[in-house]
Amino acid sequence: STLPDVVIEYRDVRKQYGEFVALAGVNLEVRRGQVVCLIGPSGSGKSTLLRCTNGLETMSSGEVYFDGMPLSKDPRKNRLIRQRMGMVFQNFELFPHKTALGNIMMGPMTVLGLSEEKARTRAEALLAKVGLSEKASNYPANLSGGQQQRVAIARALAMEPEVMLFDEPTSALDPETIGEVLNVMKRLADDGMTMVVVTHEMTFARRVADHVVVFANGQIVEQGRPEQIFDAPQTTRTRDFLSHLG
Ligand code: ADP
Ligand code: MG
């Protein structure tokens with residue numbers, strides 16, 4: 001492949017809401033095929049960084065490069081870059097009036113211009129991949145939270161993204177459905193997908209992440225291999241955060 005090894009690069013990314021500093025200068029690289037987990041207390045800027053990544057939010061200053069290309073400060077100009085990043089949110093946000101299959105077919109048909117037949121074939125394969133073939137004609141209201149989130153992942157994958165961004169994908173789920181979503185994400189990681197995952201699931205981060213990034217107060221306070229972060233944290237802030245979880 002001629003694509004660069006670094007898929008996303010953040011250079012001194014800052015974001016302010018009025019006087020409030022949500023991101024205070026973030027520098028980070030996400031390499032192709034890596035799973036990067038972002039952890040840290042609520043309000044530390046993790047979601048803001050994800051939203052700056054795909055242009056849902058505009059940075060106050062700094063640069064984000066995607067495949068070596070800088071994101072524009074004008075969000076409308078990032079449409080093509082955004083198409084290459086799949087995003088999965090805490091609350092699924094499926095279209096309620098469309099079936100599971102219909103939700104997955106929509107992007108390929110309306111954005112990529114695939115025929116209905118091609119979109120259906122792609123959607124069926126993805127439903128199988130997330131273990132929901134038998135739920136193809138269910139509406140979201142007739143799916144569990146975990147099933148809805150698996151449809152949301154399939155819907156993002158239907159756009160054939162280069163990177164998948166997850167913002168607390170299991171935080172809104174009943175405990176018994178969390179595992180099925182994490183398993184789908186683990187398989188995606190095993191397939192080589194580049195992933196940035198904001199999560200409070202430390203077992204997942206430990207087992208699946210290649211790189212763990214600890215946020216506090218809009219800054220990265222520590223980053224490294226999961227075994228380093230979890231077994232030998234170097235900063236008080238990381239130790240404080242991890243000890244308050246248990
Ligand atoms: P995290 O995802 O780590 O919990 P966020 O990135 O959502 O944190 O938020 C970081 C900080 O920025 C929080 O204190 C939050 O209240 C603030 N913030 C986020 N979005 C806005 C906004 N649109 N306006 C004002 N403050 C915001
Ligand atoms: Mg958040």
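**Entry 1: ligand 1**

I began with the surroundings of ligand 1, where I listed Y17, F20, A22, P41, S42, G43, S44, G45, K46, S47 and T48. I keep in mind throughout that this is a predicted model. I then looked up the polar contacts to the ligand, and for Y17 I noted an N or O atom of the side chain at 3.3 Å from a nitrogen atom of ligand 1. At G45 the partner belongs to the backbone, an N or O atom that I found 3.0 Å from an oxygen atom of ligand 1, whereas at T48 a polar side-chain atom lies 2.5 Å from an oxygen atom of the ligand.

**Entry 2: α3 and α5**

I turned next to the helices, taking α3 (residues 100-110) with α5 (residues 145-157), whose axes come within 8 Å and cross at roughly 25°. Because that angle is under 35 degrees, I recorded α3 and α5 as roughly parallel to each other. The crossing of α3 past α5 is right-handed. On the α3 side I found A100, N103 and I104 in the contact, and on the α5 side V151, A154 and R155. Sorted by character, the residues of this contact come out as four nonpolar, one polar and one charged.

**Entry 3: α5 and α6**

I followed α5 to its packing against α6 (residues 175-190), where the angle is about 20° and the axes are 8 Å apart. These two helices are therefore also entered as roughly parallel to each other. From α5 I wrote down G146, Q147, Q149, R150, I153 and L157, which meet T177, E180, V181, V184, M185 and L188 of α6. I sorted the residues of this contact into six nonpolar, four polar and two charged.

**Entry 4: α3 and α4**

Last, I went back to α3 and looked up how it packs with α4 (residues 116-129): the axes come within 8 Å, and the crossing angle is roughly 130°. An angle between 115 and 145 degrees falls in none of the parallel, antiparallel or perpendicular classes, and α3 and α4 are therefore oblique to each other. Here too I noted a right-handed crossing, with α3 passing α4. The α3 residues in the contact are A100, L101, I104, M105, P108 and M109, and those of α4 are E116, A119, R120, R122, A123, E124, L126 and L127. By character I counted ten nonpolar, no polar and four charged residues in the contact of α3 with α4. Comparing the lists, I see A100 and I104 of α3 in the contact with α5 and again in the contact with α4.

Note on methods:
Residues are numbered from 1 along each chain as its sequence is written. Chains are lettered from A and ligands numbered from 1 in the order in which they are written. This is a predicted model: local features need pLDDT of at least 70, side-chain atom pairs count only at pLDDT 80 or more; totals for chains, interfaces and linings use all residues. Side-chain values use heavy atoms; hydrogens and water are left out. Axes are lines fitted to C-alpha atoms, for helices over the stretch in contact, and angles run from 0 to 180 degrees between N-to-C directions. Helices (H or I, at least four residues) and strands (E, at least two) are DSSP runs, numbered from the N terminus. Angles under 35 degrees count as roughly parallel, over 145 as roughly antiparallel, 65 to 115 as roughly perpendicular and the rest as oblique. A crossing is left-handed if the near helix is turned anticlockwise from the far one by less than a right angle, and right-handed if clockwise. Contact means heavy atoms within 4.5 Å. Ala, Val, Leu, Ile, Met, Phe, Trp, Tyr, Cys and Pro count as nonpolar, Asp, Glu, Lys and Arg as charged, and the others, Gly among them, as polar. A residue is near a molecule or strand if one of its heavy atoms lies within 4 Å of it. A polar contact is a pair of N or O atoms within 3.5 Å; within protein, one must be able to donate a hydrogen and the other to accept it, and residues adjacent in sequence count only if both atoms are side-chain atoms.
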